[in-house]
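Me: I would like a close look at a single part of this model, followed outward into whatever surrounds it. Please take your time and keep the argument connected.

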Amino acid sequence: MSPSSVFITGCNRGIGLELVRQFIVSESAPRHIFATYRTLSDELKKLGDENKNVHLIKMDVTDIPSYPAIVKQVDEVVGEAGLNLLINNAGLLPGPREYASTTPEFMRQAFEVNCIAPFFFTKAMFPLIERAVKGSSEKGMSLRKGGVVQISTVLASVTETTGGIYPYRCSKSALNMSMKSMSQDLKDTGVLILAVHPGWVRTDMGGPNGQMSTEESCKSLLKTFAEVSDKDHGAFLHYENKPIPW
Ligand SMILES: NC(=O)c1ccc[n+]([C@@H]2O[C@H](COP(=O)([O-])OP(=O)(O)OC[C@H]3O[C@@H](n4cnc5c(N)ncnc54)[C@H](OP(=O)(O)O)[C@@H]3O)[C@@H](O)[C@H]2O)c1
């Protein structure tokens, strides 16, 4: 069963777009799917035009002053029910991958999108998620009830690093740390917080040699989202619901 409402960043292409598609056709589809974009793609526009439960929101995740207006917009739609699930999916893999060509600017861009934005946007949206949890009679933690998913990557694993790709790896490791710390600070709220690696996926970021399509990745992700519970609070999981070494 899907959450009643879900908010996903970066939905004009790639994994975000496919998550929207699969939530639309999921069993007991969400009443509200908030999907953000910077430049509206034809595919996302079509999903918005054809599905009354899809709300399209223009958002650059690095524009922190825009967050209160976006939270208000969501609040006006979900009301007392609150928001069940936030998926911080928008991500950036900037610049060349080599040690020698890593620059401060690429490092800054990656931190802005991959760590600073998901942390502060979660903070901004959190009262709506907490409201959903408080209003639920369901026992225990679940993403259906109230949760935050930070879309991370296996490349953030310090244990498994093979070197290179500094801005992306460092910013996603920092995202994992902020996720884990939030899971500690906010554990009494009952909101389930975790990070998930979606697989090596054939998107603009993953490239044509990725191991799976967006369809395969998102099918596994939605299955994992439905399975996770209290024991996964603060976890760093593979798309097939297995822990990844930090
Ligand atoms: N593909 C993989 O193999 C893979 C593996 C591990 C993890 N991931 C993670 O999965 C997530 C989705 O990746 P993907 O493969 O779907 O990548 P993608 O095809 O490159 O799509 C990235 C999405 O993020 C959005 N985005 C980037 N910067 C943004 C900003 N400042 N404000 C708002 N949106 C922004 C993009 O919007 P624009 O179109 O406007 O740029 C786009 O919608 C990312 O967090 C990525 O790190 C992907």
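Which residues are buried in helix 1?

Reply: This is a predicted model, and what follows should be read with that in mind. In helix 1, the buried residues are Ile15, Gly16, Leu17, Glu18, Leu19, Val20, Gln22, Phe23 and Ile24. Since nine of the 11 residues of helix 1 are buried, this helix is largely enclosed by the rest of the structure. Its cover comes from several elements, including strand 1, strand 2, helix 2 (42-50), strand 3, strand 4 and helix 6.

Several of those covering elements are strands, and the sheet is the natural next step. It is an open sheet of seven strands in the order 3-2-1-4-5-6-7, with parallel pairing. Its edges are formed by strand 3 (54-58) and strand 7 (236-238), each of which pairs on one side only. On average, and with direction ignored, neighbouring strands of this sheet are turned by 20° against each other. Within the sheet, strand 1 (residues 5-8) and strand 2 (residues 32-37) run parallel and are joined by four bridges, and Phe7 stands opposite Phe34 in strand 2. Helix 4 packs on the sheet, where it touches strand 1, strand 4 (85-88), strand 5 (147-151) and strand 6 (192-197), and its direction makes about 170° with that of strand 4.

The two phenylalanines just named lead to the aromatic residues. In general terms, a pair of aromatic rings is described by the distance of the centres and the angle of the planes. A search of the whole structure finds six aromatic pairs. In one of them, Tyr67 and Phe121 meet edge-to-face, with 4.9 Å from centre to centre and 75° between the planes. This pair links distant parts of the chain, since Tyr67 belongs to helix 3 (residues 67-78) and Phe121 to helix 4 (residues 104-134), 54 residues apart. Both Tyr67 and Phe121 are buried. Ring pairs also link Phe7, Phe34, Tyr67 and Phe121 into a cluster, and within that cluster Phe7 and Phe34 are the residues that stand opposite each other in the sheet.

Helix 4 also has a place in the path of the chain. Strand 4 and strand 5 run parallel and are joined by four bridges, with Leu85 standing opposite Gly147 in strand 5. Between these strands the chain crosses from strand 4 through helix 4 to strand 5, and this β-α-β crossover is right-handed. A further right-handed β-α-β unit is made by strand 5, helix 5 (residues 166-185) and strand 6. Here too the strands run parallel, with five bridges joining strand 5 to strand 6, and Leu194 in strand 6 is the bridge partner of Val149.

Strand 5, which takes part in both units, is mostly covered, as five of its five residues are buried. The cover extends to both of its faces: Gly147, Val149 and Ile151 are buried on one side, and Val148 and Gln150 are buried on the other.

To return to the surroundings of helix 1, the charged residues add another connection. Side chains of opposite charge can pair when their charged atoms come close. The count for this model comes to 13 salt bridges. One of them joins Arg13 to Asp204, with the closest N and O atoms 2.7 Å apart. Arg13 lies in the loop between strand 1 and helix 1 (14-24), and Asp204 lies in the loop between strand 6 and helix 6 (214-227), so the pair ties together parts that are 191 residues apart in sequence. Arg13 is partly exposed, with a relative accessible area of 47%, whereas Asp204 is exposed, with a relative accessible area of 61%.

A second salt bridge belongs to helix 4, where Arg108 pairs with Glu105 and the closest N and O atoms are 3.1 Å apart. These two residues are three apart in helix 4, so about one helical turn separates Arg108 from Glu105. Arg108 counts as exposed at 51% relative accessibility, and Glu105 counts as partly exposed at 40%. In a further salt bridge, between Lys231 and Asp232, the closest N and O atoms are 3.0 Å apart. Lys231 counts as exposed at 64% relative accessibility, whereas Asp232 counts as buried at 6%.

Notes
Residues numbered from 1 in each chain as written. Predicted model: local features only at pLDDT ≥ 70, side-chain atom pairs only at ≥ 80, totals over all residues. Heavy atoms only, no water. Phe/Tyr/Trp six-rings, centres within 6.5 Å; stacked < 30°, edge-to-face > 60°. Buried < 20%, exposed > 50% of the residue type's maximum accessible area, 1.4 Å probe, protein only. Pairing = 2+ DSSP bridges. Axes fitted to C-alpha atoms, helices over the stretch in contact; angles between N-to-C directions. Contact = heavy atoms within 4.5 Å. Right-handed = clockwise from strand over helix to strand, strands pointing away. Salt bridge = Lys/Arg side-chain N within 4 Å of Asp/Glu carboxyl O.
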